[in-house]
Amino acid sequence: MHAVTVLAVGDVVVDRPEPETIFAHAAERLRAADIVFCQLETVYSTRGSAVPTPGRPLRADPSNIAALKAAGISVVSIAGNHCMDFGAEGMLDMVANLRAAGLNPVGAGRNLEEARAPVIIERHGIRVALLAYSSILLDSSWATQSRAGCAPLRAHTHYEMVEPHQPGCPARIRTFPVREDMDAAVSDVRAAKAKADFVLVSMHWGLHFTPHRFAEYESVMAHALVDAGADAIIGTHPHHLKGMEIYRGRVIAYSLGTFAFDLPMRGQKQSIARHNELASLYPMLADAPREGSFPFPEKSRLTLIMQLRLSCGSDPEVCFLPTWINPAGQPEMLAAGDDRVREIIEFIAPDCAANKVRVELADGRLVIVPI
């Protein structure tokens with residue numbers, strides 16, 4: 001029986017003089033798959049003007065796109081908090097540049113209808129639909145019926161006082177999906193399922209630099225999408241790994257972490273005051289460098305490739321390929337006996353246990369089993 005192999009990786013930015021070198025240790029394995037998905041975290045365009053953001057607007061020369069194509073990447077989610085860093089002009093130019101290179105962008109467009117449209121790819125007679133949404137959004141970055149942007153699946157935040165009679169006391173942070181976005185995404189999944197054999201949903205969401213904690217809205221969204229027919233959830237954004245869940249026989253990967261990420265500082269040091277303030281909020285950032293081209297903590301070098309084997313009439317077979325980002329910013333796949341594989345397992349084990357699953361190593365791959 002024919003099967004389709006899909007590989008999904010986390011956040012990607014390629015921005016270097018020799019772009020293809022970033023995938024030197026992973027390209028052969030990626031090219032062996034039928035479909036390869038990544039989350040793009042920059043704007044590949046020379047057009048548009050930077051918009052105000054809490055961080056640094058990200059963009060890179062479109063010449064870097066060739067490295068994605070050469071590595072076998074075929075579907076690119078641009079539903080994220082950086083896709084509108086250079087406005088609609090930059091985002092739409094990036095979409096054109098990606099398509100010109102033979103890639104399939106998903107999750108953003110000239111209007112909401114286009115942003116919510118799936119990419120459907122047929123391999124070996126099996127049709128696979130991919131959808132992408134973002135919960136990490138700046139004002140005006142999501143698409144509407146008359147405005148360009150990315151596909152939103154937003155969440156409300158409510159701060160609930162633990163002791164209402166105590167002014168200034170700590171608060172519970174409650175989050176829940178924006179109903180119209182959730183309803184629209186459920187409708188999208190059902191419509192895609194009517195056209196394809198399998199539906200994979202990418203979610204740019206969650207709490208960054210905060211290991212072992214999840215926002216309440218994440219599981220609510222994930223379960224609703226699986227209930228609607230999604231066959232797997234591919235999570236990105238936190239810039240480090242988070243655990244998995246099995247819900248109704250489908251795997252939810254809450255964060256695949258960073259996969260390949262060039263962020264040259266180019267003389268733009270983050271101020272010590274800003275770094276210290278963020279580190280007080282996110283202790284994981286304490287060992288993050290303020291210079292160089294990989295500005296994330298050491299634990300962010302631990303990453304996973306999600307592998308799905310899709311056969312009609314069968315549930316998806318899912319495993320994860322242990323990977324590490326080396327000092328040159330290149331993802332390297334790890335052998336089973338490598339100590340870093342054990343480090344990955346230990347890092348995500350608490351998350352998995354909280355979701356009543358455990359991680360097992362089998363033939364050099366990580367599998368998730370119920371407990």
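1. The six-stranded sheet. Six strands make up an open sheet of mixed pairing, in the order 8-9-13-14-16-15, where strands are DSSP runs of E of at least two residues, helices are runs of H or I of at least four, and both are numbered from the N terminus. Two strands count as paired if DSSP finds at least two bridges between them. Strand 8 and strand 15 (241-247) are the edge strands, each pairing on one side only, and from one strand to the next the twist averages 15°. The model is a predicted one, in which local features need pLDDT of at least 70 and side-chain atom pairs count only at pLDDT 80 or more, whereas totals for chains, interfaces and linings use all residues. Residues are numbered from 1 along each chain as its sequence is written, and side-chain values use heavy atoms, with hydrogens and water left out.

2. Strands 8, 9 and 13. Strand 8 (residues 119-123) and strand 9 (residues 126-134) run antiparallel and are joined by five bridges, one pairing being that of Val119 with Leu130 in strand 9. Two residues lie between the strands of this hairpin, and His124 takes a positive phi near 55° there. Strand 9 also pairs with strand 13 (residues 198-204), here in the parallel sense and over seven bridges, with Leu130 standing opposite Leu200 of strand 13. Leu130 can therefore be followed in both pairings, since its bridge partner in one is Val119 and the residue opposite it in the other is Leu200, given that pairing rests on bridges found by DSSP.

3. Helix 6 on the sheet. Helix 6 (residues 216-228) packs on the sheet and touches strand 13, strand 14 (232-236), strand 15 and strand 16 (250-256), a contact being heavy atoms within 4.5 Å. The direction of helix 6 makes about 145° with that of strand 16; axes are lines fitted to C-alpha atoms, for helices over the stretch in contact, and angles run from 0 to 180 degrees between N-to-C directions.

4. Loops flanking strand 15. Most residues other than glycine have a negative phi. His239, in the loop between strand 14 and strand 15, has a positive phi of about 70° although it is not a glycine, and Arg248, in the loop between strand 15 and strand 16, likewise has a positive phi, of about 50°. As to exposure, His239 is buried at a relative accessible area of 7%, whereas Arg248 is exposed at 59%; buried means under 20% relative accessible area, exposed over 50%, and partly exposed in between, with a 1.4 Å probe and protein chains only.

5. Helix 7. His275, Leu278 and Ala279 are buried in helix 7 (residues 272-281). Viewed down the axis of helix 7, its buried residues fall within an arc of 100°, so they line one face of the helix, the arc being that of the directions from the helix axis to the C-beta atoms. Ala273, Ser280 and Leu281, on the other side of helix 7, are exposed.

6. Pro316 and Gln307. Pro316 sits in the loop between strand 18 (302-310) and strand 19 (317-325) and counts as buried at 12% relative accessibility. With residues up to four places away in sequence not counted, Pro316 touches Phe198, Asp231, Arg250, Arg309 and Leu310; Pro316 and Gly249, 67 residues apart in sequence, are 8.7 Å apart in space, C-alpha to C-alpha. Gln307, found in strand 18, is buried with a relative accessible area of 10%. The side chains of Gln307 and Arg29 are joined by a polar contact of 2.5 Å, that is, a pair of N or O atoms within 3.5 Å of which, within protein, one must be able to donate a hydrogen and the other to accept it, residues adjacent in sequence counting only if both atoms are side-chain atoms. Beyond neighbours within four places in sequence, the contacts of Gln307 include Thr5, Val6, Leu7, Glu317 and Arg365.

7. Cysteines. The count of disulfides comes to zero, a disulfide being a pair of cysteine sulfur atoms within 2.5 Å. The sulfur of Cys38 is 14 Å from the closest cysteine sulfur, in Cys83, which is too far for a bond, and Cys352 is in no disulfide, with the nearest cysteine sulfur, that of Cys319, 14 Å away. Cys38 is buried with a relative accessible area of 0%, and Cys352 is buried with a relative accessible area of 0%.
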